[in-house]
Amino acid sequence: MNESLALPDYDIAIVGGGMVGSVLAGLLSASGAGWRTVLIDAGVPDRLASAHYSSHYDNRSTAISAGSADILERLGLWSRLKTHATAITEVHVSDQGHLGGALIDAREQQRDALGYVLENGWLAPTLRTAAVQAPEVKILAPAQVTGLLPGRHLNTLTLKGESTPGTLTARLVVLADGGASELHRQLGIEQVRHDYQQHAVIANVSFERPHNGRAYERFTPRGPLALLPLDECPQAQRAALVWTLPPGEADALRNAPEAEFLDALQQAFGWRLGRLTRVGERQSWPLALVQAREQVRSRLVLLGNSAHYLHPVAGQGFNLSLRDAAALAAGLRRARQEGADPGALPVLNRYVAQRARDQRLTIQLSDKLVRVFSNRRLGLMALRHLGFVGLDFLPGVKDWFAAQTMGTAGPRAPWEPSVQRLSEVGS
């Protein structure tokens, strides 16, 4: 059959059922555009969110910016998510070797919180539940996309897995399957990669004093260190640690005895929370800034880590991807209103143009923080100190920095407040 006359199986196929792919599926449904959507997940279907969620000491977590919470609130998801969220009411930024630091306070920004920390065991299933409940969304899992054949009017995807159709067609394919996607190589999509020569050590830690909702960004000569408050209560004494170090040191500390690890962390972080008393399971991986040279082609969009993978220093990666997903859903809603093809290149180019400034500023902020604050050269060390002085004393500088880290700088992510909320879908 002539491709131009063939009816595609779906309007939109999302490859990758992680948090970014799931939230896009929910956003597309909540937009009211009516696009027939399939979410293709290579993993075994996750357990859906339960009202009786219980935390575990070693659960990994994600920082949600205030801007991201706004998006989720307008979708009706935030009221559920925040029941197990820890509010960040202050962020203390400091540079090892210099006195003082800068304090960013939610009250100064006229916000209830600068951001929130959610355990992935609660966040991911909640986002997945929203996708499962969306009436226009079909979920195929476990199913792996082994091939993607672009066409002028539609794409053909080859699938492997039980209960899959073998092939399906879609007018638009969204790749949200991570930066190591085999489909990237098949399609010849190149990546620009800057290796930071650092590894991140991830763990949860406990301490003597309550965190009081304060997050810490500590810059050391060997790399930045972040502590994010956990346990939903200001009086709690547990935090998520992200500690970037040279590869050899990271490997050694990941495998060190608990007392040795805590001593090293105490020296790097200081005594703001009293004595560090416990560290849980430790993981580590290499860090790099990775960006795809192309985010769109005709009938193709890259989203999430497929489009850009950031250093975790400021917790911006997922939040940037969430703003991208909201803008893409809004752009595709506009395309429906205009009677346009969702995979048409003008529609997708409009999305890229709209997102260019936010992506550029967010990536530059993350990248420059790492480069400047990991450099021991005397001139840059002086600039680092002046930067902290500027945060506290130069008019507008702190507000700009806070807006960038909160994800509220520039225009709000476009969305229609009148659309049906996800929490109402299937109720």
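This report describes the helices, nonpolar cores and selected local backbone features of a predicted model.

**Overall composition**

The protein chain contains 11 helices and 20 strands. Of its 427 residues, 54% count as buried. Contacts between residues at least 6 apart in sequence are drawn mainly from distant parts of the chain, in that 74% of them join residues at least 24 apart.

**Helix α1**

Helix α1 covers residues 19–30 and has 12 residues. The distance from its first C-alpha to its last is 16 Å, close to the 16 Å expected at 1.5 Å a residue. The helix is mostly covered, with 11 of its 12 residues buried. The buried residues include Val20, Val23, Leu24, Leu27 and Leu28, along with Gly21 and Gly26. Glycine 32 follows α1 and has a positive phi, near 80 degrees.

The packing partner described here for α1 is helix α4, residues 120–133. The crossing of these two helices is left-handed. On the α1 side, the contact is made by Met19, Ser22, Val23 and Ala25; on the α4 side, it is made by Asn120, Leu123, Ala124, Leu127, Arg128 and Ala131. Sorted by class, this contact has 7 nonpolar, 2 polar and 1 charged residues.

**Helix α8**

Helix α8 spans residues 317–337. Its 21 residues should span 30 Å at 1.5 Å a residue, and its end C-alpha atoms are 31 Å apart, which agrees. Since 17 of these 21 residues are buried, α8 is largely enclosed by the rest of the structure. The glycine that follows α8, glycine 339, has a positive phi near 70 degrees.

Helix α8 packs with helix α2, residues 66–74. Their crossing is left-handed. Ser68, Ile71 and Leu72 of α2 meet Asn319, Leu322, Arg323 and Ala326 of α8. By class, the contact has 4 nonpolar, 2 polar and 1 charged residues.

Two packed helices are described by the angle between their axes and the distance between the axes. The table gives these values for both pairs.

| Helix pair | Angle between axes | Distance between axes |
|---|---|---|
| α1 and α4 | about 35 degrees | 7 Å |
| α2 and α8 | about 40 degrees | 9 Å |

**Nonpolar cores**

In soluble globular proteins, nonpolar side chains tend to be buried together. The largest nonpolar core in this model has 50 residues, and Leu24, Trp78, Leu118 and Val174 have the most contacts inside it. Helix α8 supplies the largest share of this core, 9 residues. Valine 174 touches Ile12, Ala13, Ile14, Val15, Leu24, Val301, Leu303 and Leu328, leaving aside residues up to four places away in sequence. Among these partners, Leu24 is also one of the buried residues of α1. Apart from the largest core lies another, of 26 residues, among them Ile104, Ala226, Ala240 and Val313.

**Alanine 288**

Alanine 288 is placed in strand β17, residues 283–292. Its relative accessibility is 3%, and it therefore counts as buried, the cut-off being under 20%. Not counting residues up to four places away in sequence, alanine 288 touches Arg193, His194, Asp195, Tyr196, Tyr309, Leu310 and His311. The C-alpha atom of alanine 288 is separated by 9.5 Å from that of aspartate 367, which is 79 residues away along the chain.

**Backbone features in loops**

The peptide bond from alanine 141 to proline 142 is cis, with omega near -10 degrees. Proline 142 is found in the loop between β8 (137–140) and β9 (144–149).

Asparagine 212 is a residue other than glycine with a positive phi, near 55 degrees. It is found in the loop between β12 (191–207) and β13 (214–220). At 45% relative accessibility, asparagine 212 counts as partly exposed.

Glutamate 232, likewise a residue other than glycine, has a positive phi near 65 degrees. The loop that holds glutamate 232 lies between β14 (223–229) and β15 (238–245). With a relative accessible area of 40%, glutamate 232 is partly exposed.

Technical notes: Residues numbered from 1 in each chain as written. Heavy atoms only, no water. Axes fitted to C-alpha atoms, helices over the stretch in contact; angles between N-to-C directions. Helix = DSSP H or I, 4+ residues; strand = E, 2+ residues; numbered from the N terminus. Left-handed = near helix turned anticlockwise from the far one by under 90°. Contact = heavy atoms within 4.5 Å. Nonpolar A, V, L, I, M, F, W, Y, C, P; charged D, E, K, R; others polar. Expected span 1.5 Å × (residues − 1). Buried < 20%, exposed > 50% of the residue type's maximum accessible area, 1.4 Å probe, protein only. Core = buried A, V, L, I, M, F, W, Y, C linked by side-chain atoms within 4.5 Å.
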